[in-house]
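Work through the following exercises with the sequence and the structure side by side. Try each task before reading its solution.

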Amino acid sequence: MTQQPLSMFGPDFPFAYDDWLQHPAGLGSLPPSALGARVAVIGAGIAGLVCGYELMRMGVRPVFYEAGRLGGRLRSEPFPGNPAVVAELGGMRFPQSSRGFHHYLERMGLQTRPFPNPLTPAAGSTVIELEGVRHYAETLADLPPLFHEVAQAYDAALEEGAHFSELQAAIRDRDAARVKALWNPLVRAWDERTFYDFITGSSAFQTLSFRHREVFGQVGFGTGGWDSDFPNSMLEILRVNLTGCDTDQHLVVGGVEQLPRRLWQHAPNAIAHWPTGTSLQSLNDGAPRPAARRLYRDPDGRLTVTDSHGHVGCFDAVVCTCQSWLLTTAIDTDEALFSQPLWMALDRTRYMQSAKTFVMVDRPFWNDRNPHTGEQLMSMTLTDRLTRGTYLFDNGPDQPAVICLSYAWMSDALKVLPLDAEKRTELALGALKKIYPDVDIAAHIRGNPITVSWESDPNFLGAFKGALPGHYRYNHRMYGHFMQQGLPQSQRGVFLAGDDISWTPAWAEGAVQTALNAAWGVMSHLGGRCDNDNPGPGDAYLEWGPLGLED
Ligand SMILES: Cc1cc2nc3c(=O)[nH]c(=O)nc-3n(C[C@H](O)[C@H](O)[C@H](O)COP(=O)(O)OP(=O)(O)OC[C@H]3O[C@@H](n4cnc5c(N)ncnc54)[C@H](O)[C@@H]3O)c2cc1C
């Protein structure tokens, strides 16, 4: 029997966002009196753009505020001297299970291809170098038994601790009742326990050595090392594994930043109220307004946003998609707009750090073979050295290619935080020289390196959320805030969306799904509703929403 494809259907809120998006009835409609309503969207990342795009199609006027660059953490930085070649500084590998995200890629006519992850055919070959010992592999079968034991132990731990196969089958089948029956007890069991606790407490790892746990932390599953996530709540990791975020990932040909840019410029055919040819860009006179600096309710009860030039705009609703800490550090936000428990959740959000350093090279020289060993000259590389993950991007024979010399998180990212691109490159090349003593990587580099540390950027303060043990209630408060019917009037009208509001931070699909929740929230705030044949997330929430844990 063929399996249904995996999608990010829950597990906290099993709602089929992709079906909602593709239904011919559309997402919903507004009463005539609400057409042309002004809704501020703070942040023009993927969450703001998806939410604004869908609201525009319903007849709303989204007014964008953006402190930095359109696209946010979907940033494809062109190399100086060859703008067609880009470094993916934020999101770069998108699981096929991100059905909402892929819906927009397809709609905007963008192509994808498999991402060169460790041990995948797209990578060609992989080198794992730990404690100075190097293993070359084209498939998992080429690695020594220790690596197989680690992989099998993690699979066994997932079965033992999380009914993995059964729960994943329920997600594939989109059986919401079964998903909830299996997932909700796991929420109670694992919210307050770490990923490391899950590993060490499992029978499978208990029969193995410390070395096995250490190798698991360095090599992990699917996408590379996971020891940076060891302190996180196990629920975060289970969501990634269950919904297939760690497998079957694709990159966007030409750079993912094309997606936010095309959403901004796109003039949809099916659009209420606005004339044909209307786009977010045309409704915003070409460009977003500058940064939002103040978010208040005025004495008449209207929501106001003040931009960095002091201009004050009045709105029927506000969608806020910047990282939630920025509501405390960058935007003077009226405290009365949110309950104190929600403020607690927003401020307790915990971000992970991430640094990446890229260089452009003359061609994908790594495909050349070593005449003595027959191995590729260089491979996708996982190591315990400071580079941690090195990824190779092949744009075709004799075309300029890209190396992500280092993709690191948490303490590995902090090690290079104060260093500039040149110094980071020097350190990375030094580490790689120890793994590939005979390869002159530097000889192939063209132009200047590109680097990023998201935590040093005042518009982000971190790469993405990484929930700690005990954060489930905070996640629940933020995620569920789009359901505003029960809130006092003074707390209605501001909607939260984006990576850190979602249950699946670090995956753009979470930003998309929360953006769609916010679009539903704004639509119902303005008196609109979904077609009876195509109920939206808010219509399904009371029945299938996340488990409420007692305080
Ligand atoms: C290093 C890294 C790697 C990642 N890898 C992957 C991956 O491989 N696959 C995947 O699916 N996802 C990945 N992600 C996650 C993905 O990039 C995010 O989930 C997604 O881009 C978040 O979109 P967003 O709209 O929620 O937030 P953002 O993109 O952060 O958008 C928010 C916007 O708000 C703006 N802003 C901030 N302050 C203000 C203000 N005062 N006024 C106005 N605007 C403001 C910011 O400039 C920003 O543009 C990665 C992220 C990072 C950082």
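Strands (E, at least two residues) and helices (H or I, at least four) are DSSP runs, numbered from the N terminus, and two strands pair if DSSP finds at least two bridges between them. This is a predicted model, in which local features need pLDDT of at least 70 and side-chain atom pairs count only at pLDDT 80 or more, while totals for chains, interfaces and linings use all residues. Residues are numbered from 1 along each chain as its sequence is written.

**Exercise 1.** Find which residue of β9 is the bridge partner of Phe94, and explain why β5 and β6 each have one side without a neighbour in the sheet.

*Solution.* Begin with β5, which is joined by 2 bridges to the antiparallel strand β9 (residues 249-252); within β9, His250 is the partner of Phe94. Next, read the order of the open sheet of 3 strands, which is β5-β9-β6 with antiparallel pairing. Because β5 (94-95) and β6 (112-114) stand at the edges with a single partner strand each, one side of each is left without a neighbour in the sheet.

**Exercise 2.** Describe how α2 and α18 pack, and state how the residues of their contact divide.

*Solution.* First, take the axes (lines fitted to C-alpha atoms over the stretch in contact, with angles from 0 to 180 degrees between N-to-C directions): those of α2 and α18 are 8 Å apart, at an angle of about 35°. Then list the contact (C-beta atoms, placed from the backbone, within 7 Å), which includes Ile46 and Val50 of α2 and Ala508 and Val512 of α18. Finally, sort the contact residues, counting Ala, Val, Leu, Ile, Met, Phe, Trp, Tyr, Cys and Pro as nonpolar, Asp, Glu, Lys and Arg as charged, and the others, Gly among them, as polar: the division is 15 nonpolar, 1 polar and 1 charged.

Note on methods:
Contact = placed C-beta atoms within 7 Å.
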